[in-house]
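Trainee: Got a minute? I'd like to go through this model and have you justify the terms people use for it.

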Amino acid sequence: MSGPRGSAAQASRPLRVVVVAMKPQLRGRIRRNIVTLLDLGAQVTVVNTPPREDFFLGLSSPRLSATFVEVRSAAMRYQMWMTRQNTLRRARWDQEAQLRRERAGKPRPVAPAWMLTGGRVATLAYGWWTSRRGRRIRTLATKRWPIFKRWWIRRGRAARKQRDLTVRNALRQFHTLNRFVDFWRLTPSVIEAHSPDLIVSSDLPGLVGASIAARRMRRPHLHDCHELYLESTAFRPHERALLWPVERHYMRRADSIVVVNTTIRDEYRRRYGVDGVVLRNCSPPVPTSVRQRPMDLNAMLGLDADKRIVLYQGGLVAGRGLDVCVRAVSHFPDDAHLVLLGNGALREELLALATQLGVRARVHDLPAVPPAQLPSWTAAASVGLIPYQPVSKNNMYALPNKAFEYPNSGVPFVASRLPEIARLVDAWRCGETYDSFDEIELSNAVHRVLDSRFHAAYRERALHFAAMNSWHAERRILVAEIERLTCRP
């Protein structure tokens, strides 16, 4: 990428960075990237869709700001059009009803003026109008017209409802794609308005707009792949088919690509012919004081102090094997309780399953906590769970934040036997693995980790792993890429 870099004018002011994403919150990897940029003294602007109220989640800096871009899919635009049409139609009906009320007190209208003028036709028409038969027809029409009108209105309303349902169902098949396209259309001009020295995109939603703006401004572009994005279960087959050429084209244009692990890096190399730099989801070191004085979850949950906690922290969503965890509780050691720390659509379903299996008293749910407070909650556990199931390639190749967050808090973990996680466990022996669909094997792994003869050794190896794999060391890879792209140490 050509353009002015490393000039005296640039070196005299802080580095300006725009981070482009579509995230509801600044969590995990994107949060660590932003903190690293702020630590480097950069001015960071996040370009994002309108998020939840807790978007920054405790991140506060005078050099951190956000610009939110309102995007609308075709389905959303059609819904807005229907709302406007219904409002206009209702206003017209109200106006007609008002006119009818005003006419109700007026005398019956006389014959039109043309009937009262001379001529044989006019005379005959006037005679019919005033005849008994004419009066009967007028009376019948007056009585039947409202009935006919109501029938016509109901028929039209049903037809419109069926049409709207058909159109909305068709547009919803492309809702996600429409939102992406609208975001890609709007973000380049927003990025240019901030005049950045570096543009950082997050996954496919941030990639296209960042790439277009980088080409226009002749600025370096760093793309961060958090996962094998298009292999998520959130995408339908037709959406993947339409989006993969887009990802392939624009990822090849990026000046630098950082990828979450070696398996996903190799997959992107095979698919798109791009070479990425591995930047793992390591987490910052947890202070010793936090590990030694964690949150008292036992007291919070009304448990005796000698009860041990088997913790899952994260989203309560499909594909995480949480039903297997609940089913395994009856086979856990008698003093072990399962705690689900997080939010998600499966909360009620999991609690209902626990009630059905008779283990509801040993399954507890707690809402998600801010990232800054999470280590003290994690440190209260005896063992952590990473129960992801290989329901997609994205899950199969995952190396979640939890694989680093648990050891950083001194907690060994039990994880499903997926390639990246299994490689880590085999190398560091900081936990155990199991078949992600087998609750008996899961409970056996929990038994091994909680065994009083081995638990201290597991915890010690977890702390050793955390010391050798912290974000403070891993972030050097990100800093090196930033320095290479901007020519500013």
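Trainee: Where is Asp203 found, and what makes it count as buried or exposed?
Mentor: Asp203 is found in helix H8. This is a predicted model, by the way. The relative accessible area of Asp203 is 2%, and buried means under 20%, so Asp203 is buried.

Trainee: What is the phi of Asp203?
Mentor: About 55°, a positive value although Asp203 is not a glycine. Most residues other than glycine have a negative phi.

Trainee: Which other residue has a positive phi near 55° without being glycine?
Mentor: Arg429 has one. The place of Arg429 is the loop between helix H18 (419-428) and strand S13 (431-434).

Trainee: And why is Arg429 called partly exposed?
Mentor: Its relative accessibility is 34%. Partly exposed lies between the 20% and 50% cut-offs, so Arg429 counts as partly exposed.

Trainee: Back to H8. Why are H7 and H8 called oblique to each other?
Mentor: Helix H7 (residues 175-194) and helix H8 (residues 203-217) pack at an angle of about 40°, with their axes 8 Å apart. Under 35 degrees would count as roughly parallel, and 65 to 115 as roughly perpendicular. An angle of about 40° fits neither range, therefore H7 and H8 are oblique. Their crossing is right-handed.

Trainee: Which residues meet where H7 packs on H8?
Mentor: From H7 they include Phe180, Phe183, Trp184 and Ile191. Among those in H8 are Leu204, Val208, Ile212 and Met217. By class, the contact has 12 nonpolar, 4 polar and 2 charged residues.

Trainee: Which strands does H8 lie across?
Mentor: H8 lies across S1, S4 and strand S5 (221-225), running at about 155° to S4. Angles over 145 count as roughly antiparallel, so with about 155° H8 is roughly antiparallel to S4.

Trainee: How do you know that S1 and S4 pair?
Mentor: Strand S1 (residues 16-20) and strand S4 (residues 198-202) share 4 bridges, in the parallel sense. Two strands pair if there are at least two bridges between them, so S1 and S4 qualify. As one example, Val18 stands opposite Ile199 in S4.

Trainee: What is the strand order in the sheet of 7 strands, and what makes S3 and S7 its edges?
Mentor: The order is S3-S2-S1-S4-S5-S6-S7, an open sheet with parallel pairing. Strand S3 (64-68) and strand S7 (277-278) each have a single partner strand, so one side of each is left without a neighbour in the sheet.

Trainee: What is the order in the open sheet of 6 strands?
Mentor: That order is S10-S9-S8-S11-S12-S13, and the pairing is parallel. Strand S10 (363-366) and S13 stand at the edges, because each has a single partner strand. From one strand to the next, the twist averages 25°.

Trainee: How do you know that S11 pairs with S8 and with S12?
Mentor: Count the bridges again. Strand S8 (residues 308-313) and S11 have 2 bridges, and S11 and strand S12 (residues 413-416) have 3. At least two are needed, so S11 pairs with S8 and with S12. Gly384 is the partner of Leu311 in S11, while Ile386 has Ala415 as its partner in S12.

Trainee: Which way do the residues of S11 point?
Mentor: In S11 (residues 383-386), Val383 and Leu385 point one way and Gly384 and Ile386 the other, and all are buried.

Trainee: What about S9 and S10, over how many bridges do they pair?
Mentor: Strand S9 (residues 336-341) and S10 pair over 4 bridges in the parallel sense. Leu340 stands opposite Asp365 in S10. Helix H19 packs on this sheet, touching S8, S9, S11, S12 and S13, and its direction makes about 170° with that of S13.

Trainee: Why is Ser443 called buried?
Mentor: Ser443 is found in H19 (residues 439-450). Its relative accessible area is 1%, against a cut-off of under 20%, so Ser443 is buried. Leaving aside neighbours within four places in sequence, Ser443 is in contact with Ala328, His331 and Phe332.

Trainee: And across the protein, what share counts as buried?
Mentor: Of the 489 residues, 46%. The protein has 21 helices and 13 strands.

Conventions
Residues are numbered from 1 along each chain as its sequence is written. This is a predicted model: local features need pLDDT of at least 70, side-chain atom pairs count only at pLDDT 80 or more; totals for chains, interfaces and linings use all residues. Side-chain values use heavy atoms; hydrogens and water are left out. Buried means under 20% relative accessible area, exposed over 50%, partly exposed in between (1.4 Å probe, protein chains only). Axes are lines fitted to C-alpha atoms, for helices over the stretch in contact, and angles run from 0 to 180 degrees between N-to-C directions. A crossing is left-handed if the near helix is turned anticlockwise from the far one by less than a right angle, and right-handed if clockwise. Contact means heavy atoms within 4.5 Å. Ala, Val, Leu, Ile, Met, Phe, Trp, Tyr, Cys and Pro count as nonpolar, Asp, Glu, Lys and Arg as charged, and the others, Gly among them, as polar.
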